[in-house]
Amino acid sequence: MNKEHPIKEKVFSPSRTVWRTQMAKGIYSPHRVSRITCIVNELISEKVSVFLNDLGVTAYIENGRFVREVTKPRRFNLPGEKVSLRNIPVDIFRFTVPRENSKKVIDNIIETGELHIPGRGTIFSQDLMEFSKEQPSVNIDFLDATTCRDYSDVLLHKLSCVVCVLSSPGSGESLAKAALDLGLCVPLVTFGSGNYMRDQLGLIRITISPEKEIVHLVMPEQDSESIIRILIEQLRLDLPGRGFIYQTPVSMGLLDTYLKIGKQKYAATIEQIIAAIDQLKSGTGWRKRLNEEHQEKKSIKSLFPQNNCEISIISDEDRIDILREACLKVGATGAVSEKVIPLARKVNEGISSTMIRSAINVPADITDKVVDMLLEISTIREDPTERIHVLDSPAAYVHKLK
Amino acid sequence: MKHKKVPLRDALVMLSGYARSRIIAQIRSVAFIIIYLIIFQVLILRVPLSNALLTAGGIGLVITGLTFFLEGLVLGFMPLGERVGVKLPARAGILVISVFGLILGFVATLAEPAITALRTAGSTVTAWEAPLLYLILHDYAEWLILSVGIGVGVAVAMGMFRFYYNLSIKPFILIIIPVLLIISLFFVSDGNLERIIGLAWDCGAVTTGAVTVPLVLALGIGISRAAGKGKSTGSGFGIVLLASALPVLAVYILSFILNFRAPEPSSEVEFFSAKERKKSLILFGNEEQLRRYAFTHGTEKGRISYFNNVESYQSAILSLNNDPATRSSLLGNLPVEDWIINNASETEREMLSYLKLTTENNKTGSVGKTFALEAYNGARAVIPLSLLLLIVLTGFLREKIRYKDEVFLGIVFTLIGMILLTSGIKLGLATLGGDVGAQLPRAFAHEDKFIERIVINNFDKSLLYTTISTDGTHKSYFNFNDNGTILPVEFIEDQFNEAGRTYEHIITSPPLFRRKLSVLGIFLVLIFAYGLGYGATMAEPALNAMGITVEGITVGTIKKAQLVQIVSLGVGSGMLLGLCRILFNLPLVWFIIPSYILLILLTIFSDEELTAIAWDSGGVTTGPVTVPLVLAMGLSISGEMNIPDGFGLLAMASALPIISVLLYGLLIKAKQRRSILLRRNTVANE
């Protein structure tokens, strides 16, 4: 068994504060759940959908793409190699389950989608607070009846998910390239929109595109801060209007190690070797990316505000504007919205509305206020599809105009 | 929310950056076609650019127009369409949605300026060779547009129905397309109906224009988002396909009905003969119009056949000069000089030889007039559709429009863009394309090509001078003053009319290659067609709008530039095939049926989303940039080859891109599948 228990080591957790505050108020009771994010190749997505339907969870699907590096010999036998990026369409399933069931659900999905084979997908779970009408549940009978093997040996702990929201078009590509060069993981790119800057302007806003490219990277926790720093430097996120970056903890996950396609110099790729050692050592703690020089830099923590919170809202498209405006009133800015499709449990469930998942990163001191405001305005009590997730974000970087 | 004030300087910086990026993108998209046309004209055909200034101005307008138009779509039309699509299923039942779709499709077709292009394609059709086609294009033109409108309306309604109930697109393709193919086959056996096939398929290609497509796409995406469950509906694509296919069916039905009225095709002499008069009069309201048609479109044989005896024929010809009433009855608005130059035979010309002829070189149409006409067309294309959407959204759905000012600006941009684009094409691009197109038949011609006939009045033989060549032969020449340029012209006795003292100066251009090299010429023409199709499609705004949508829906897995490239390659190949059919005068069905059978096979093996995207990109390709250029070329070549109509090019230019996109999709999917299976096998082996 693994000895590492990531979240519990944290001294201060804003999401736990939210939980305490809301429990004390007694109006809304947050549920402590695990949010499972499962990113699979489009070709396997049907299998996963069927499983999730049987499991009886409400999942929200989003389209995205994995970026891999392809190395090919040059044409006409010319010397050298041609390195390019290949986009692979993937479906992202997000759903919440009671924390005690998350491991078994993950095991089952790994088995269903054969995710332990590199190149098929990534799955990870994050512990968070959820506000919703009904407590998330799974079809226990179905889950108990499944017979799948225990995938503890391939599941990694102490991971973190770094989310980069990029404003300039095409920058997703360069970030993905940077991540692949660093050998981090297969980057996931999705499209979203953010209107914060635009909404502040008059008609001149047409010059600013609302479209954002969002890159999700899952990596060992101890690496994340230095990686964020490298990415900020590479993408010049320290300039205004370029985007922002933050990190959220992942309790366990299985990462796709199929980073590079093509000619291979050695018997195994470096990613395969790392994965094998991870498995032997039961974790990623052995990995050391930083040298002494970087260690020194690490002590300068000026860049990152600590103890932020990621609040994500899943709601009807129309309501999301109201919720976002409410957030703005209490000083939470920079929400990014992505279109999601609810995975209907039954085919004849009727017409569902258009859903949006909107994520916002807020400093710890206003988290309570934002959650209060959102809960006040939301229709969580009536609408079974609306959800608010509160999740710690130990490091974030947003450029602030002075 | 209160808006922050942006200082003027900052605003200007923001605006200039924004405008620059958009304009550069459009310059890139039209660069190929412009450079290609100029290179072809100047370097290969060796014809100087006529009116280079106007052409350059026109090209500038095209670029500005495209920039405004595309930005307008992105700001105004597409968000508006998607909003209506998202809200409709929540507030209205399927019946209301279908009725809305029907109205929208209908209005969109009536607003479509490209549909008038079909008349141009059919302008060379003669009433005796293809009576039914003539009947439909002239007497029943409104019916044609109406039936195409109904076709598109039903298509949009059907598309919405499909999204509402999450139906797959494949059954629609696998039923509708074979039905169309079978009808086409059936039509081949009838002389009259056979001629309709080109028109019908071209109608399907043309109806889905630059405004309609992005709107319908946005609407489809909205509806499938609101009504969709999971990812089963192809994400909003597929309406354009239906809107390209159903009008074909509608035109087939219309022509089948009208075929009972139309006379059989006949020879010109028969057609104008008194015996057949009754039948011929079906196509023309009265004798006068038939007679006028014999003069304006027929040849000498037809006219003689019409008058039945030579005397009355001759007196009619002679009266062209002396009797203004008869002249206007016989020629309509056509000046008698033009008639003599363009329509009259040698004998007829001699009969009227005493007539003093003046030719005016008044080719440059007024720029102002072009703008006014295009402004009217643009307004017709943009305003009814935006009003319909706004009324439905605010009046019927009672929805507020987010970013009202932006949407309004978008609509204004679309309108401005449309006007600038179409005027620019008329003034610049089409002139350029037309010039090349007109010269193109020289590439495979055996003889000198007739360019122009100039009549010199009061010709004085004393102006002639004699020249001598190395072998001692003498030739007579005179100097011709062409707007200040002095040109030595060889004097040919036959072209001098003693009685009228007129000299007909005929300007010709020699064939590009020597007689033996006509295969090379044909090859050159085909290459030209390929490049023209490729380049024009790259600049097509509807395709660019669709590219943006596809890139968004597939989260960049299929990039806009990739889609545009693949579709353009497809259109290029389509043009090549379409031109082959014109050059070798082959029946259109020989091309349509095999391509669509291939398409059906590819469709069966492709996945849902890509099928819809591929079939939609077929409909998108024929828009305001492609149609005028393609028609200019098609007509000039079909005119040269004496082929009655220039139909079929657009149909092929729509079919081939579907094949190229489907093939590309299958290739990508195969790669993906292989990489997954390969990995699984490796792990299994371990």
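## Two chains: cysteines, helix crossings and loops

At 1% relative accessibility, Cys327(A) counts as buried. Buried here means under 20% relative accessible area, exposed means over 50%, and partly exposed covers the range in between, with a 1.4 Å probe and protein chains only.

The model is predicted: local features need pLDDT of at least 70, side-chain atom pairs count only at pLDDT 80 or more, and totals for chains, interfaces and linings use all residues. Residues are numbered from 1 along each chain as its sequence is written, chains are lettered from A and ligands numbered from 1 in the order in which they are written, and side-chain values use heavy atoms, leaving out hydrogens and water.

### Chain A

Chain A contains 11 helices and 13 strands. These are DSSP runs, numbered from the N terminus: helices are H or I with at least four residues, strands are E with at least two. Chain A has 402 residues, and 57% of them count as buried. Take the contacts in chain A between residues at least 6 apart in sequence: 83% join residues at least 24 apart. Contact means heavy atoms within 4.5 Å.

How many disulfides does the structure hold over all chains? The count is 0. A disulfide is a covalent bond between the sulfur atoms of two cysteines. The cut-off used is a pair of cysteine sulfur atoms within 2.5 Å.

Two cysteines show the spacing. Cys148(A) is in no disulfide, and the nearest cysteine sulfur, in Cys38(A), is 13 Å away. With 22% relative accessibility, Cys148(A) is partly exposed. Why is Cys327(A) without a bond to Cys309(A)? The closest cysteine sulfur to that of Cys327(A) is in Cys309(A), and at 12 Å it is too far for a bond.

### Helix crossings in chain B

Two helix pairs are described here. The first joins helix 1 (residues 8–44) of chain B and helix 2 (residues 52–91) of chain B: their axes come within 9 Å and cross at roughly 125 degrees. That angle makes helix 1 of chain B oblique to helix 2 of chain B. Axes are lines fitted to C-alpha atoms, for helices over the stretch in contact, and angles run from 0 to 180 degrees between N-to-C directions. Angles under 35 degrees count as roughly parallel, over 145 as roughly antiparallel, 65 to 115 as roughly perpendicular, and the rest as oblique.

Helix 1 of chain B passes helix 2 of chain B in a right-handed crossing. A crossing is right-handed if the near helix is turned clockwise from the far one by less than a right angle, and left-handed if anticlockwise. From helix 1 of chain B, the residues that meet helix 2 of chain B include Tyr18(B), Arg22(B) and Ile34(B). Their counterparts in helix 2 of chain B include Ile59(B), Glu71(B) and Leu75(B). The contact divides into 11 nonpolar, 3 polar and 2 charged residues. Nonpolar covers Ala, Val, Leu, Ile, Met, Phe, Trp, Tyr, Cys and Pro; charged covers Asp, Glu, Lys and Arg; the others, Gly among them, are polar.

The second pair is helix 6 (residues 141–164) of chain B and helix 11 (residues 239–258) of chain B, whose axes come within 7 Å and cross at roughly 140 degrees. Helix 6 of chain B and helix 11 of chain B are therefore oblique to each other. Their crossing is right-handed. Among the contact residues are Trp143(B), Gly151(B) and Phe163(B) of helix 6 of chain B, and Ile239(B), Pro247(B) and Leu254(B) of helix 11 of chain B. This contact divides into 17 nonpolar, 3 polar and no charged residues.

Helix 5 (residues 131–139) of chain B is mostly covered, with 7 of its 9 residues buried. The buried residues include Pro131(B), Tyr134(B) and Leu137(B).

### Loop residues of chain B

| Residue | Loop in chain B | Relative accessible area |
|---|---|---|
| Asn308(B) | helix 15 (300–307) to helix 16 (310–322) | 58%, exposed |
| Arg398(B) | helix 20 (367–396) to helix 21 (404–439) | 69%, exposed |
| Thr473(B) | strand 2 (465–468) to strand 3 (474–482) | 42%, partly exposed |
| Thr554(B) | helix 23 (541–553) to helix 24 (560–583) | 9%, buried |

Asn308(B) is not a glycine, yet has a positive phi of about 70 degrees. Arg398(B), also not a glycine, has a positive phi of about 55 degrees. Leaving aside neighbours within four places in sequence, Thr473(B) is in contact with Thr467(B) and Ile468(B). Thr554(B) and Pro214(B) are 340 residues apart along the chain, and their C-alpha atoms are separated by 17 Å.
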